[in-house]
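Biologist: Please take me on a close look at a single part of this predicted model, and show me how that part fits in with what surrounds it. I am in my first year, so plain steps would help.

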Amino acid sequence: MAAGMRGVLGAALELAVPVECGGCRRPGTPWCPRCAAAVRDDPVVLRPRVEIGVPAWATGRYRGPLRTAVVDLKEHRRADLVPVLGAVLARSLLRLAEWEAIVPAARLALVPAPTRVLSARRRGGDPVTALARDAAARLGPRVAAVPLLTIAPWTRDSAGLSAGGRLANLHGAVRLVRRPPPALKAPHPGTVVLLVDDVLTTGATAASAVTALEASGVAVSGVVVLAGA
Ligand SMILES: [Zn+2]
């Protein structure tokens with residue numbers, strides 16, 4: 001009965017909004033088996049041009065289906081890609097834990113990298129926070145998304161800027177919106193804090209975010225992004 005209802009609802013939604021694969025535009029599904037197979041579970045280590053000070057990993061390189069899906073999520077408000085990419089992120093976090101690349105801890109806090117408020121509003125919400133929340137929900141009650149960061153509205157869109165230009169653009173622009181929860185403040189052997197973002201290009205945003213968090217007493221263990229350029 002429930003499955004039948006889902007089938008009916010699925011068909012109705014399909015009529016309302018034509019569904020296509022976020023990776024290859026194939027119609028009928030938000031994420032086709034071929035694109036799912038192209039995105040591997042093993043995260044890759046990133047070596048960003050800007051020194052972040054903590055290890056950085058990506059679920060994959062910024063190309064192919066992953067790139068198309070990230071662009072669709074960010075630029076085209078593909079909310080149906082949040083669970084698709086949230087699952088990809090969650091699998092990479094599990095793998096990092098298996099590898100013990102993340103120090104075992106009782107709790108894991110995923111801090112979304114800051115999105116410029118205006119651009120987030122224009123795009124219909126902050127996709128990075130949605131992604132972190134989705135991944136956290138998949139990983140159980142000990143994992144939580146903890147939005148803490150904002151970015152000043154006077155910063156420019158970083159597209160087209162060099163690594164140095166990006167850093168200068170972000171200087172002093174990333175701030176905490178509230179006091180971090182005590183459990184996140186160092187020393188906190190019980191909680192591991194990871195910064196989460198969709199794309200890491202030069203590392204300038206991640207470096208600015210880690211600096212802002214550390215300045216507020218939050219020790220960041222690493223950065224995990226969907227796609228590394
Ligand atoms: Zn596809």
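**A close look at strand S3**

Modeller: Happy to! In this predicted model, 45% of the 229 residues of the protein chain count as buried. The chain's secondary structure comes to eight helices and eight strands. Among contacts in the chain with a separation of 6 or more, 72% are between residues 24 or more positions apart. Let's take strand S3 (107-112) as our single part.

Start with the sheet that holds S3. Six strands form an open sheet, in the order S1-S2-S8-S7-S3-S4, and their pairing is mixed. At the edges stand strand S1 (44-46) and strand S4 (143-145); each has a single partner strand, so one side of each is left without a neighbour in the sheet. On average, neighbouring strands here are turned by 30° against each other, direction ignored.

A bit of background helps at this point. Strands of a sheet pair through backbone hydrogen bonds, and the pairing can be parallel or antiparallel.

Now look at the two partners of our strand. S3 and S7 pair in the parallel sense over six bridges, and in this pairing Val111 stands opposite Leu195 in S7. S3 also runs parallel to S4, with three bridges joining them. Here Ala109 has Ala144 in S4 as its bridge partner.

Step one strand further along the sheet. Strand S7 (residues 191-200) runs parallel to strand S8 (residues 222-228), and six bridges join the two. One bridge partnership there is between Leu200 and Gly228 in S8.

Is S3 buried or exposed? Five of its six residues are buried, so S3 is largely enclosed by the rest of the structure. Part of the surroundings is helix H4 (81-98), which lies across S3 as well as strand S2 (56-61), S7 and S8, and runs at about 135° to S8.

This brings us to the largest nonpolar core, which has 34 residues. Leu85, Leu89, Leu110 and Leu194 have the most contacts inside this core. S3 is among the elements that give two or more residues to the core, along with helix H3 (64-75), H4, helix H6 (127-139), S7 and S8. H4 provides the largest share, nine residues.

Next, go to the residue just ahead of the strand. Ala106 lies in the loop between H4 and S3. With a relative accessible area of 44%, Ala106 falls between the 20% limit for buried and the 50% limit for exposed, so it counts as partly exposed. Leaving aside residues up to four places away in sequence, Ala106 touches Arg142 and Gly190. The C-alpha atoms of Ala106 and Thr191 are separated by 6.0 Å, although these residues are 85 residues apart along the chain.

Before you leave the model, visit the metal site too. Cys21, Cys24, Cys32 and Cys35 coordinate the zinc ion through their SG atoms, at 2.2 to 2.3 Å. The angles among the four donor atoms are 107 to 114°, and the site is tetrahedral. Along the chain the donors follow the spacing C-x2-C-x7-C-x2-C. Two of these donors, 11 residues apart, link distant parts of the chain: Cys24 is in the loop between helix H1 (2-16) and helix H2 (33-38), and Cys35 is in helix H2. Cys24 is partly exposed, at a relative accessible area of 33%, whereas Cys35 is buried, at 4%.

Conventions
Residues are numbered from 1 along each chain as its sequence is written. This is a predicted model: local features need pLDDT of at least 70, side-chain atom pairs count only at pLDDT 80 or more; totals for chains, interfaces and linings use all residues. Side-chain values use heavy atoms; hydrogens and water are left out. Donors are N, O and S atoms within 2.8 Å of the metal (3.2 Å for Na, K and Ca); water is not among the atoms, so sites may look incomplete. Four donors count as tetrahedral if all angles lie between 85 and 135 degrees; four count as square planar and six as octahedral if opposite donors are over 155 degrees apart and all others between 65 and 115; anything else is irregular. Helices (H or I, at least four residues) and strands (E, at least two) are DSSP runs, numbered from the N terminus. Buried means under 20% relative accessible area, exposed over 50%, partly exposed in between (1.4 Å probe, protein chains only). Contact means heavy atoms within 4.5 Å. Two strands pair if DSSP finds at least two bridges between them. Axes are lines fitted to C-alpha atoms, for helices over the stretch in contact, and angles run from 0 to 180 degrees between N-to-C directions. A nonpolar core is a set of buried Ala, Val, Leu, Ile, Met, Phe, Trp, Tyr and Cys residues joined through side-chain atoms within 4.5 Å.
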